[in-house]
Amino acid sequence: MSLSYPKRIFLTALVMLFGLLMIMAALWLPPVDREVDVMDSLFVIDITDSMNVQDVSFANENINRLDWAKEYTRQAILSMPCGSHAGLAIFSEARSLILMTPVEVCANYHDLMQMLSQFQPTMAWARSSEVSKALYTAIRQAKEITPQPTVVFLTDGHEAPPVHETLFPKFTDTPGEVPGIIIGIGGSDLMPIPKTNESGEIDGYWEINEVMHRDVYASSRGDAAELNENRPRTEHLSSQKKSHMETVAKRIGFEFISSPKSPQNLIKEMQKISEMRQQPVKYDLFVWLASIALVLLLLVFLPYSLFSKQHD
Amino acid sequence: MSWSYPYLLYLLPLAVLPWLSRNTEKQIVWQALLPRDSVSAVIGLTLHVLASATLAALIMALAGPHIPEHTVQRSGQGAEVIVLLDRSRSMDQPFARRHSFRLSTKMNFKESKRSVARYYLTEFVNSRPDDRFGYVLFSEQAAGILSLTYSKETTLATIEAGGLGRGLSKTDISVALKKAGEMFEGEVYRGARIVLLISDGGQILSTEQEQQISQLLRDNNLSLYWIYLRSVTGMTLDEMPGESILWQGAPERQLHSFFKDLNVPYRAFEAGSLEEFAEAMKAIDQQHYQTLLLDVKMPRESLADYFLWVALVSLLLLSASQIYTWLGVTRAYRSKH
């Protein structure tokens, strides 16, 4: 295809004018409103002693479960679109304690991280670890918060004192009313649980005779003999209690994710189960307009002669 | 100046394209036939420079030039406040009432001392735009969960969270005060520093604890305010003539006299009711309006527009010359045929 000289010049002028128009639009077109799906979340982090076990890895480094939980929470918050809200809570004894109700994640990232870094086993107010009851209180308190957040509960599932399968604490709320996800942390091998002293340093390990190995209520019942019969005494050791967490999750209508690889696993699951809020954000079209202008001008200045010489 | 997408700058060599392309020039038989004209040479050069500038400016605009978020200091009116809110179980109960013949076993969380404290703290924070707040959660242990921040959103969210759920175990005011003192350590002195203690009980401190606390408070230039939520009807922090002997030497009073003897500004407010609590907060609000150095966050500022302007001006000149050329060429062609 060949164009006459004046036509070529005319075409070039036309493309340039169009590019000019694009740049003017990029400069003066006001930003448009765009709806972005944002989520409200409440991260509950297990700070009980079993979380001190070093049996998880992050970036090829062996770290303890609590540090893993904190790092995972940080990355998850970082992956949320601006406008999303995240709150923080800790779990110890038999309840979740909310420390900050959900706040916007981008503007308050620094404060969220500051608070997260404070989470230490020393904050625990008692030395038991009743995961299921803590989940119930997290749900109850999430209901008092508006807009209601999705609960993300990070734990290894270790119940101390242990719970017998038939004597489960009653869940009185409607399952699934508050959406939530349990993130299972920890390896599959039984590991000794470090004890921490008042200043948070590891000070020995829980011994076999220092912990309860049977459900308190089960052992006081008539059928105790059957229960006591040759059960392994391993409650002083801890691993990720997957089947237990699955059972609990089913009971309260939560999802269960075991040792997720990336924060995207959590974000995707949250998008599936929680009610997303639409938040309008200002979106500047300048990138698109300027790109069009650039491409047009590149077309004008491409050295066609270099390619077409062979035809001459 | 930083770039949001610095890798786009690798496209910058594309700006030499105008110097390589010859596709708008007329084909001529022999180069030497062209007359040498220095004015045209300059114009030709200028047009090439303009074209390069347009391309480079567009690429740089797309790479997202900006001044990153940064902080500047300005002076405001206010104080740095660390809130110490008692999270113990006794705070779940309502204020002590003078005449109550009813015995109620049902706890009303709406009227609990903790929820009242939450309500007025929220008002307090909202009424002080320039203050910087920190928050210490304490019962038997203390954790400075919110380090000093300018963000009203996080401060209010932490205060709100303090009103949720039930109380924890017992109270240990000494660890809480120590924590509050530690939170100021290593901070630059910016202006008035306040520790706002809200609790419903006292404590008998050991000599060692007393020493540590007075040291921390003095070293860090702290003022102490104690809003004492009365749990025993009628008992005041200062001794009154003709009062019950049982109140003498109560932990609350011992703590009060320890605070008074400290060499730091101290004031106690006694609140036995909602109204008194509100008044105490108002009094503190009026007390502390001093000059305070503030860090103000300046949001990130995009500089893309400047580059777009460069592209706009150079492309404008370029298109004008192109149209002029076109007009000239068409006229020449028309006259020939």
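**Helix crossing and local geometry in a two-chain model**

Mentor: Start with the crossing of helix H9 of chain A and H2(B): the crossing is left-handed.

Trainee: What makes a crossing left-handed?

Mentor: The near helix is turned anticlockwise from the far one by less than a right angle; a clockwise turn makes a crossing right-handed. H9(A) and H2(B) fall in the left-handed class. This is a predicted model: local features need pLDDT of at least 70, side-chain atom pairs count only at pLDDT 80 or more, and totals for chains, interfaces and linings use all residues. Residues are numbered from 1 along each chain as its sequence is written, and chains are lettered from A and ligands numbered from 1 in the order in which they are written.

Trainee: At roughly what angle do the axes of H9(A) and H2(B) cross?

Mentor: Roughly 150°, and the axes come within 10 Å. H9(A) covers residues 286–301. Axes are lines fitted to C-alpha atoms, for helices over the stretch in contact, and angles run from 0 to 180 degrees between N-to-C directions.

Trainee: Why is H9(A) called roughly antiparallel to H2(B)?

Mentor: Set roughly 150° against the classes: under 35 degrees is roughly parallel, over 145 roughly antiparallel, 65 to 115 roughly perpendicular, and the rest oblique. The crossing angle therefore makes H9(A) roughly antiparallel to H2(B).

Trainee: Which residues make the contact?

Mentor: From H9(A), they are A:Val287, A:Ala290, A:Ser291, A:Ala293, A:Leu294, A:Leu297 and A:Phe301. H2(B) brings B:Ala51, B:Thr54, B:Leu55, B:Leu58, B:Ile59, B:Ala61 and B:Leu62. Contact requires C-beta atoms, placed from the backbone, within 7 Å.

Trainee: How do the residues of this helix contact divide into nonpolar, polar and charged?

Mentor: There are 12 nonpolar, 2 polar and no charged residues where H9(A) meets H2(B). Nonpolar covers Ala, Val, Leu, Ile, Met, Phe, Trp, Tyr, Cys and Pro; charged covers Asp, Glu, Lys and Arg; the others, Gly among them, are polar.

Trainee: How many residues does each chain bring to the whole contact?

Mentor: Chain B brings 53 and chain A brings 49. Several elements of chain B each supply at least two residues, including helix H2 (38–62), strand S6 (142–149) and helix H9 (304–336). H9(B) gives the most, 16 residues. The side of chain B that touches chain A holds 29 nonpolar, 18 polar and 6 charged residues.

Trainee: How many helices and strands are in chain B?

Mentor: 9 helices and 11 strands. They are DSSP runs numbered from the N terminus: helices are H or I, at least four residues, and strands are E, at least two.

Trainee: Back to B:Leu55 in helix H2 of chain B. Why does B:Leu55 count as it does, buried or exposed?

Mentor: Buried takes 20 or more other C-beta atoms (placed from the backbone) within 10 Å, exposed 12 or fewer, partly exposed anything in between. B:Leu55 has 27 C-beta neighbours, so B:Leu55 counts as buried. B:Leu55 touches A:Leu297, B:Leu14, B:Ala15 and B:Leu17, leaving out residues up to four places away in sequence. The C-alpha atoms of B:Leu55 and B:Val310 are separated by 10.0 Å, with their positions 255 residues apart along the chain. Of the 337 residues of chain B, 36% count as buried.

Trainee: How do you know that B:Met281 is buried?

Mentor: B:Met281 has 23 other C-beta atoms within 10 Å, so B:Met281 passes as buried. B:Met281 sits in helix H8 (residues 274–287) of chain B. Leaving aside neighbours within four places in sequence, B:Met281 contacts B:Tyr120, B:Glu123 and B:Phe124.

Trainee: What stands out in the phi of A:Ser259?

Mentor: Most residues other than glycine have a negative phi. Phi of A:Ser259 is near 35°, a positive value. A:Ser259 lies in the loop between strand S13 (255–258) and helix H8 (263–273) of chain A. With 16 C-beta neighbours, A:Ser259 counts as partly exposed.

Trainee: What is the phi of B:Asn221?

Mentor: About 60°, positive although B:Asn221 is not a glycine. B:Asn221 is in the loop between helix H6 (207–219) and strand S8 (222–229) of chain B. Its 13 C-beta neighbours make B:Asn221 partly exposed.

Trainee: What kind of peptide bond joins A:Thr146 and A:Pro147?

Mentor: A cis bond, with omega about -10°. A:Pro147 lies in the loop between helix H4 (131–143) and strand S7 (150–155) of chain A. A:Ala160 and A:Pro161 are also joined by a cis bond, with omega about 0°. Most peptide bonds are trans.

Methods:
Two residues are in contact if their C-beta atoms, placed from the backbone, lie within 7 Å.
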